[in-house]
Amino acid sequence: MGTGLLNIGQRRRGPAEGVSADSAFPRRDGVLRCGEVSLEALVQEYGTPLYVYNGDRILERFHAVRDAFAPLDLVIAYSVKANPNLAVLRLLGGAGAGADIVSGGELYRVRHAGIDPERVVFAGVGKTRDEMRYALEQGIMAFHVESAQELVALGEVARDAGVTAPVAVRVNPDVRSPTHEFTRTGHASAKFGVSPDEAVDLYRAIVEHTALSAVGVNVHIGSQIREPRPFLAALDVVLEVADRVLRDSGTDLRYVDLGGGFGIADGEAGALDIRALAAGVAARLEGRSLTLILEPGRFLVGDAGALLTRVLYLKRSGGKTFVITDAGMTELIRPSHYGGVHAISLVHDSDKGSVERVDIVGPVCEQGDFLARDWRLPVPSPGALICVRQAGAYGFTMASNYNSRPRPAEVLVHGGRPTLARRREEYGDLIRGERDD
Ligand code: LLP
């Protein structure tokens with residue numbers, strides 16, 4: 001499966017339908033739906049731009065991961081950063097998910113949503129002492145430590161608090177993941193993790209420290225990776241670290257955390273074969289009494305979400321056709337920031353005009369503000385509704401108020417019933433917290 005990153009100029013683009021056979025947003029009677037609910041009806045109720053999540057699809061994906069890895073002792077720690085909306089957290093927490101967090105704020109959300117702290121792992125290169133204290137108070141499963149200095153700080157915070165901090169070292173396996181350079185984290189020059197040799201040293205320090213205890217080993221090599229091979233290469237590296245730790249410090253680590261990063265089908269290419277990955281992982285874990293932790297984010301929520309936006313104007317200039325929509329980089333930054341290719345289609349079949357290559361651009365005053373470039377689309381009329389797929393992960397959560405644009409509403413459709421999961425922001429929200437005299 002090509003990753004497309006090496007041949008950006010030759011990407012397959014559009015049409016959107018048929019990209020993902022198990023689409024969460026099927027077309028019926030000429031109109032796209034979220035399950036049975038018409039997207040047109042949702043827009044009439046909640047306006048545009050609008051994020052819509054298919055809760056049934058989220059649970060289907062959660063169960064798909066669980067089933068693929070079924071024979072193993074597994075914790076699915078949902079990567080909260082992908083979509084931290086409370087409704088999503090409650091849905092996944094209710095299904096038995098734990099959480100992968102990277103900030104005190106994410107921990108606050110996770111606890112608010114009732115997720116068991118004993119299933120929460122805390123990664124990130126820059127945890128503050130305040131965040132460490134908060135996580136210790138909450139009794140999380142483990143800190144995924146990413147440097148020697150962070151380990152020292154955690155030891156001090158834990159000792160001062162009179163508790164023992166459970167630790168896994170995040171290993172940098174020096175595996176190059178086939179994905180965009182901004183979402184690649186497993187190569188030696190990335191800021192994440194420590195080398196296998198340094199990891200062994202850190203485990204020695206943990207074992208000798210009275211306020212630290214070594215519980216597992218962690219790796220995360222990046223995001224939107226469509227091949228099993230780099231994950232398995234990374235797993236080999238961390239299992240070797242676990243063996244060395246046992247020999248070196250006499251400590252038997254309880255879990256291996258393989259991170260997230262499982263790729264989904266989008267407007268560019270297909271998904272990771274999760275069953276092939278699971279088979280490779282199971283073969284490597286055979287005969288070991290290790291719990292497996294996985295940290296999927298996008299794989300659970302990515303294709304379960306869509307961004308709905310309305311066409312404001314059509315503009316032809318400089319040999320191009322611009323479809324100007326009421327959503328742009330402020331609502332979905334992935335196309336402009338990561339070269340993300342989302343499958344985009346019209347909500348209504350009846351809007352179909354002649355198919356052209358168009359640039360779908362937002363209202364933000366930046367030339368880099370686009371949702372798609374050279375995307376094949378039936379040229380829409382002003383007022384038409386556009387559906388941007390695979391927007392359930394890293395969509396709303398990366399939205400901003402740039403250009404003083406209120407952020408959109410989010411709706412969760414679950415069991416055929418839509419619920420407003422977050423209301424649309426108003427102008428008043430934009431100045432909340434600012435001094436105003
Ligand atoms: N675990 C750790 C430690 C991570 O840093 C991440 C993502 C995940 C798990 C989940 O990765 P996922 O399964 O969602 O691929 N904003 C970018 C993606 C950044 C990913 C950051 N870390 C994008 O829109 O493509």
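This briefing covers the ligand site, the salt bridges and two backbone features of the structure. The model is predicted. Its ligand sits in the largest pocket, and 18 residues surround that ligand. Tyr394 appears under two headings, as one of the residues that come nearest to the ligand and as a non-glycine residue with a positive phi.

**Ligand site**

- Among the 18 residues around the ligand, those that come nearest are Ser223, Gly261, Glu295, Arg334 and Tyr394.
- By class, this shell is made up of 8 polar, 6 charged and 4 nonpolar residues.
- The side chain of Ser223 places an N or O atom 2.4 Å from an oxygen atom of the ligand.
- Tyr394 has a polar side-chain atom 2.6 Å from a ligand oxygen atom.
- For Asp100, the partner is a nitrogen atom of the ligand, which is 3.1 Å from an N or O atom in the Asp100 side chain.
- The protein buries 91% of the 590 Å² that the ligand exposes when taken alone.

**Salt bridges**

- Over the whole structure, a search finds 28 salt bridges.
- One salt bridge joins the side chains of Arg57 and Glu60, with an N to O distance of 2.6 Å.
- Arg57 and Glu60 both belong to helix H2 (residues 55-68), and because they are 3 residues apart there, about one helical turn separates them.
- In general, side chains of opposite charge can pair when their charged atoms come close.

**Backbone features**

- Most residues other than glycine have a negative phi, and most peptide bonds are trans.
- The peptide bond from Thr48 to Pro49 is cis, and its omega is near -15°.
- Pro49 is placed in the loop between helix H1 (39-46) and strand E4 (50-54).
- Tyr394, a residue other than glycine, has a positive phi, near 55°.
- The loop that holds Tyr394 runs between strand E18 (385-388) and strand E19 (409-414).

Terms used: Residues numbered from 1 in each chain as written. Predicted model: local features only at pLDDT ≥ 70, side-chain atom pairs only at ≥ 80, totals over all residues. Heavy atoms only, no water. Near = heavy atom within 4 Å. Polar contact = N/O pair within 3.5 Å; in protein donor to acceptor, adjacent residues only side chain to side chain. Areas by Shrake-Rupley, 256 points an atom, 1.4 Å probe, with all protein chains shown as cover. 1 Å grid on protein atoms, 1.4 Å probe; cavity = no way out; pocket = protein on both sides within 12 Å on 5 of 7 lines; lining within 4 Å. Sits in = over half its atoms within 2 Å of the grid points. Nonpolar A, V, L, I, M, F, W, Y, C, P; charged D, E, K, R; others polar. Salt bridge = Lys/Arg side-chain N within 4 Å of Asp/Glu carboxyl O. Helix = DSSP H or I, 4+ residues; strand = E, 2+ residues; numbered from the N terminus.
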